Amino acid sequence: MSASFSTIDHIHMTQALRLAERGLYTTQPNPRVGCIMAHGERVVGQGWHVRAGEPHAEVFALREAGENAKGATAYVTLEPCAHHGRTPPCADALVAAGVSRVVIAAEDSFPQVAGRGIEKLRAAGIDVETGLMRDAARELNIGFFSRIERKRPWVRVKLAMSLDGRTALANGESKWITGEAARADVQRWRARSSAILTGSGTVLADNPRLTVRFADGEGADASTPFQPPVRVILDRQLRTPSGSHVLDGSVPTWVLHADSAKHADRRFQNVDCVVVPEKDGRLDLSVILHQLAERGCNELHVEAGPTLCGALFDAHLADELLLYVAPVLLGDHARPLMHQRPLKSMQERASLRCLDEVRVGDDWRYRFRMAG
């Protein structure tokens, strides 16, 4: 951390990050960004990006600051854009407003920005400093940076299990292992995602809706229309039956299938059918993630059965595990957490690190990331 950043700088950037978080459910595929305009301790303007196609955080902050923007310091959680997209360049707006200093948390990896915003500001004689609370800013936009830098979304796998590591009875019954509080918590993780992915096996067994259902008073601000995540169904041979909730057209839905499958029937009128190449008799998961990134998917939330979840971990494509543990026992005849390839030695085991553990009602939620 640079010694040039003062306590006041930290306070204002913390507030800018809080503003950015207000776009958690609405900015897809854009990043979540917040901005504070200040003269010393005095805040004269603030703003946050609400949704793609609308003004960016800096524009809202400049509007609120008005003439007070002249000579102010702008605290921005992401490098201001320098190109004409659906909105004009924010770097130009900051220059025109006469700000004297810009403090940026994280540089933007998007090719049309990638340092150009900083260059434009400095060329105008504005003092630019970067890196204040960079890790927090990148964490808030972990999916955006994954899509831009790795060409695939951030993959978060959600699973719920008993204390003895089981996800369903031997007959497939799984409602409900966890309690209402845990299921409500899952809705927030769904909502922040660009897409929710499952397999046709889960559709056939559970007929899920894969939509976000917030309780009254939760979720996005009432004045900000909520942007529902896309449903993504991996259905190699198009087994999804008519009448399935995922085919109801209530939210955008993509059905990914093999080229050999035929879909010229009424079942798939409300969805976008996408052909995916196969690998070892399955849809190629690496190609799927690349295709989702090309379609603007930042964070991919996976709620699927043990086969698909295990395949993602076996292929080293799962980035994060959201694990809900209920204080119940289902016995050794119940279904396991994941089906994975057999290991030949302990050296092959997957290592994860725990980010946090939270009590949710009578259950526990653990959040893990792949070590390294």
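**Group meeting: helix packing, salt bridges and two histidines**

At 7% relative accessibility, Asp185 counts as buried. I start with that residue and work outwards. One thing before I go on: this is a predicted model.

Asp185 has a salt bridge partner, Arg188, and the closest N and O atoms of the two are 3.4 Å apart. Both residues belong to helix α7, which covers residues 180-191. They are 3 residues apart there, about one turn of the helix. Arg188 is partly exposed, with a relative accessible area of 29%. In this pair, then, Asp185 is buried and Arg188 is partly exposed.

As background, side chains of opposite charge can pair when their charged atoms come close. How many salt bridges does the count come to? The answer is 23 salt bridges. I will show two others.

The next one joins Glu278 and Arg236, whose side chains meet at 2.9 Å, N to O. This pair links distant parts of the chain, with the two positions 42 residues apart in the numbering. Glu278 is in strand β12, residues 278-279. Arg236 is in the loop between β9 (230-234) and β10 (253-257). Are these two residues buried, exposed or partly exposed? Glu278 is partly exposed, with a relative accessible area of 38%. Arg236 is also partly exposed, at 32% relative accessibility.

The last pair is Asp356 with Arg367, a salt bridge whose closest N and O atoms are 2.9 Å apart. Asp356 sits in strand β17 (residues 352-360) and Arg367 in strand β18 (residues 363-370), so the salt bridge ties together parts 11 residues apart in sequence. Here both partners are buried.

Salt bridges that share partners also join up into one network. Among its members are Asp185, Arg188, Asp356 and Arg367, which you have just seen. The network also includes Arg32, Glu139, Arg156, Arg192 and Glu299. Glu320, Arg365 and Arg369 belong to it as well.

Now the helices. Take helix α2, residues 57-65, and helix α3, residues 90-97. They pack at an angle of about 20°, and their axes are 9 Å apart. That angle makes α2 roughly parallel to α3. The crossing of α2 past α3 is left-handed. Which residues make the contact? From α2 they are Glu58, Val59 and Leu62, and from α3 they are Cys90, Ala93, Leu94 and Ala97. By class, that contact has 6 nonpolar residues, no polar ones and 1 charged one.

Helix α3 has another partner, helix α4, residues 116-123. Again the angle is about 20° and the axes are 9 Å apart. The two helices are therefore roughly parallel to each other. This time α3 passes α4 in a right-handed crossing. On the α3 side, the contact is made by Ala91, Asp92, Leu94 and Val95. On the α4 side, the residues are Gly117, Lys120 and Leu121. By class, the contact of α3 with α4 divides into 4 nonpolar, 1 polar and 2 charged residues. Leu94 of α3 is in the contact with α2 and also in the contact with α4.

A brief stop at helix α6, residues 142-150. The helix is mostly covered, with 7 of its 9 residues buried. Those are Ile142, Gly143, Phe144, Phe145, Ser146, Arg147 and Ile148. Just after α6 comes Lys151, which takes a positive phi of about 60°.

I finish with two histidines. Where is His301? His301 lies in strand β14, residues 299-302. Its relative accessible area is 0%, so His301 is buried. Leaving aside neighbours within four places in sequence, His301 is in contact with Arg156, Lys158, Val186, Trp189, Arg190, Ser193, Ala195, Ile196 and Leu197. Of these, Arg156 is also a member of the salt bridge network.

The other is His257, in strand β10. With a relative accessible area of 1%, His257 is buried. His257 and Val276 are 19 residues apart in sequence, and their C-alpha atoms are 5.8 Å apart in space. Leaving aside neighbours within four places in sequence, the contacts of His257 include Val276, Cys273, Val274, Val275 and Leu283. They also include Asp235, Leu238, His263 and Arg236. Arg236 is the residue whose side chain meets that of Glu278 in a salt bridge.

That is the tour.

Definitions and conventions: Residues are numbered from 1 along each chain as its sequence is written. This is a predicted model: local features need pLDDT of at least 70, side-chain atom pairs count only at pLDDT 80 or more; totals for chains, interfaces and linings use all residues. Side-chain values use heavy atoms; hydrogens and water are left out. Axes are lines fitted to C-alpha atoms, for helices over the stretch in contact, and angles run from 0 to 180 degrees between N-to-C directions. Helices (H or I, at least four residues) and strands (E, at least two) are DSSP runs, numbered from the N terminus. Angles under 35 degrees count as roughly parallel, over 145 as roughly antiparallel, 65 to 115 as roughly perpendicular and the rest as oblique. A crossing is left-handed if the near helix is turned anticlockwise from the far one by less than a right angle, and right-handed if clockwise. Contact means heavy atoms within 4.5 Å. Ala, Val, Leu, Ile, Met, Phe, Trp, Tyr, Cys and Pro count as nonpolar, Asp, Glu, Lys and Arg as charged, and the others, Gly among them, as polar. Buried means under 20% relative accessible area, exposed over 50%, partly exposed in between (1.4 Å probe, protein chains only). A salt bridge is a side-chain nitrogen of Lys or Arg within 4 Å of a carboxyl oxygen of Asp or Glu.
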